[in-house]
Amino acid sequence: MSTTRRDFIACAAGAFAAAGLLPWHAANGQQAWPVKPIKLVNMGPPGSPPDTYARIYAERLAKAFGVPVVVDNRPGAGANLASDAVAKAPPDGYTLLYTVSSAFVVNPFIYRKLPFDVDKDLKPVAPLLTQGSFVVVNNDLPVKSIHELVAYAKEHPGQLAYASYGVGGFPHLIMELLSQAAKIQMLHVPYKAGPMTDVISGQVQLMAEPAASAIPMIKAGKVRPIAYTGPKRHAQFPALPTVAETYSEVVSFGWHGLWAPAGVPGEIVQRLNAELTRITRLPEVMTKIQELGSEPLSATPAAMSSMVRLEAKKWGGLIRAKGITVD
């Protein structure tokens with residue numbers, strides 16, 4: 001079930017045509033696009049990493065297109081509220097979805113029924129950035145590596161408690177993937193709000209925290225990192241091993257991207273993809289992404305579809321094997 005960033009890079013290979021940057025007119029002579037405000041429906045609440053990133057792109061898309069690009073926050077239901085709003089929007093290119101990959105590679109497996117079809121109702125536009133998570137532990141827990149964590153868990157089966165943001169999220173699935181690979185038993189404690197405070201206090205012993213929010217806690221010394229879940233060591237912590245250096249199948253990194261209603265014309269999708277790729281490669285945007293603990297990521301719409309299929313196969317297999325469901 002291992003997935004490496006090389007798989008994504010292979011999927012992402014391909015050039016972007018210069019025509020994608022030109023104004024688009026429908027073959028039947030319809031009005032050029034865009035001529036009115038574009039709404040970017042965001043799955044994260046205000047101030048969250050998805051919201052922060054979405055506003056970075058919205059500001060630059062507005063300058064490029066000469067129309068307002070407004071971020072519309074629709075948090076809730078594991079990104080399903082935002083996805084459903086866009087899936088049911090007119091396919092005219094004026095309503096787009098900014099969300100995380102779990103909405104497409106996890107949700108179809110953990111929810112018994114979704115109000116939309118991820119394959120039929122939404123169309124990939126562009127991936128933008130990717131980040132792994134840090135496995136962090138309470139400072140009093142006597143483990144400093146994945147080897148020591150596994151040994152401790154085997155000595156205390158079912159007693160080592162890890163936190164997550166809820167059933168089926170990446171922080172939960174990462175630890176399930178590790179438990180499966182290491183053949184250990186840990187206690188899952190799902191939270192509705194941020195669990196980091198309880199990891200710091202020792203109410204729970206550890207968790208897998210996304211890079212953007214983990215890094216400030218690590219640098220402040222509030223928790224101890226023992227491994228990174230990405231396919232390679234994190235640039236800000238080059239001495240910290242990856243989980244995959246111990247268990248090769250335990251690789252996890254989510255990514256952010258844009259989707260559109262399925263009926264949006266391909267010409268609009270290609271233009272958006274080209275513009276978003278240009279923005280991602282701007283030095284100031286790349287710097288901002290890296291400062292927040294992530295890495296820039298670009299791919300064609302077709303390659304983005306392949307990325308979804310690859311990740312869905314991995315997480316779908318784990319979810320079915322573990323019988324994980326949220327309803």
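When I say strand or helix today, I mean a DSSP run, at least two residues for a strand and at least four for a helix, numbered from the N terminus. With that in hand, hello everyone, and let's walk through this one together. Please keep in mind that this is a predicted model.

Let me start with confidence. The average pLDDT for the protein is 90, and 91% of the residues reach at least 70. Two stretches fall below 50: residues 1–6, which still have 21 contacts in the model beyond near neighbours in sequence, and residues 8–29, with 36 such contacts. I'd ask you to remember those two stretches when you look at the N terminus on the screen.

Now to the pockets. The largest pocket has a volume of about 1,100 Å³. Its lining is made of 42 residues, and the ones nearest the centre are Met43, Val100, Tyr165, Pro171 and Pro210. Which elements give two or more residues to that lining? They are helices H2, H5 (107–110), H7 (170–182) and H9 (211–219), together with strands E4 (122–137), E7 (206–210) and E9 (253–261). Strand E9 gives the most, with four residues. By class, the lining of the largest pocket splits into 22 nonpolar, 18 polar and two charged residues.

The second largest pocket holds about 220 Å³ of space. Here the lining can be read out in full: Phe104, Pro108, Phe109, Val118, Asp119, Leu122, Pro124, Trp259, Ser305, Val308, Arg309 and Ala312. H5, E4 and helix H12 (301–322) each put in at least two residues, and H12 has the largest share, four residues. Nine of the lining residues are nonpolar, one is polar and two are charged.

H12 brings me to helix packing. H7 and H12 pack with their axes 11 Å apart, at an angle of about 70 degrees. An angle from 65 to 115 degrees counts as roughly perpendicular, so H7 is roughly perpendicular to H12. On the H7 side the contact uses Phe170, Leu173, Glu176, Leu177 and Gln180, and on the H12 side Lys314, Trp315, Leu318, Ile319, Ala321 and Lys322. That contact has seven nonpolar residues, one polar and three charged.

Our other pair is H2 (residues 49–65) and H11 (residues 283–291). Their axes come within 11 Å and cross at roughly 175 degrees. Anything over 145 degrees counts as roughly antiparallel, so that is how H2 runs relative to H11. H2 offers Tyr53, Ile56, Tyr57 and Arg60, while H11 offers Glu284, Val285, Lys288 and Ile289. By class, there are five nonpolar residues in this contact, three charged and no polar ones.

I'll finish with two backbone details. Most peptide bonds are trans, and most residues other than glycine have a negative phi. Against that background, where is the cis peptide bond I'd like you to look at? It joins tryptophan 33 and proline 34, with omega about 0 degrees. Proline 34 sits in the loop between helix H1 (5–12) and strand E1 (38–42).

The other detail is alanine 79, which is not a glycine and yet has a positive phi of about 85 degrees. You'll find alanine 79 in the loop between strand E2 (69–73) and helix H3 (80–87).

That's my tour, thanks for listening, and I'm happy to go back to any part of the structure.

Definitions and conventions: Residues numbered from 1 in each chain as written. Predicted model: local features only at pLDDT ≥ 70, side-chain atom pairs only at ≥ 80, totals over all residues. Heavy atoms only, no water. Axes fitted to C-alpha atoms, helices over the stretch in contact; angles between N-to-C directions. Parallel < 35°, antiparallel > 145°, perpendicular 65-115°, else oblique. Contact = heavy atoms within 4.5 Å. Nonpolar A, V, L, I, M, F, W, Y, C, P; charged D, E, K, R; others polar. 1 Å grid on protein atoms, 1.4 Å probe; cavity = no way out; pocket = protein on both sides within 12 Å on 5 of 7 lines; lining within 4 Å. Points joined across faces, edges and corners; volume = space filled by probe spheres on them. pLDDT = per-residue confidence, 0-100.
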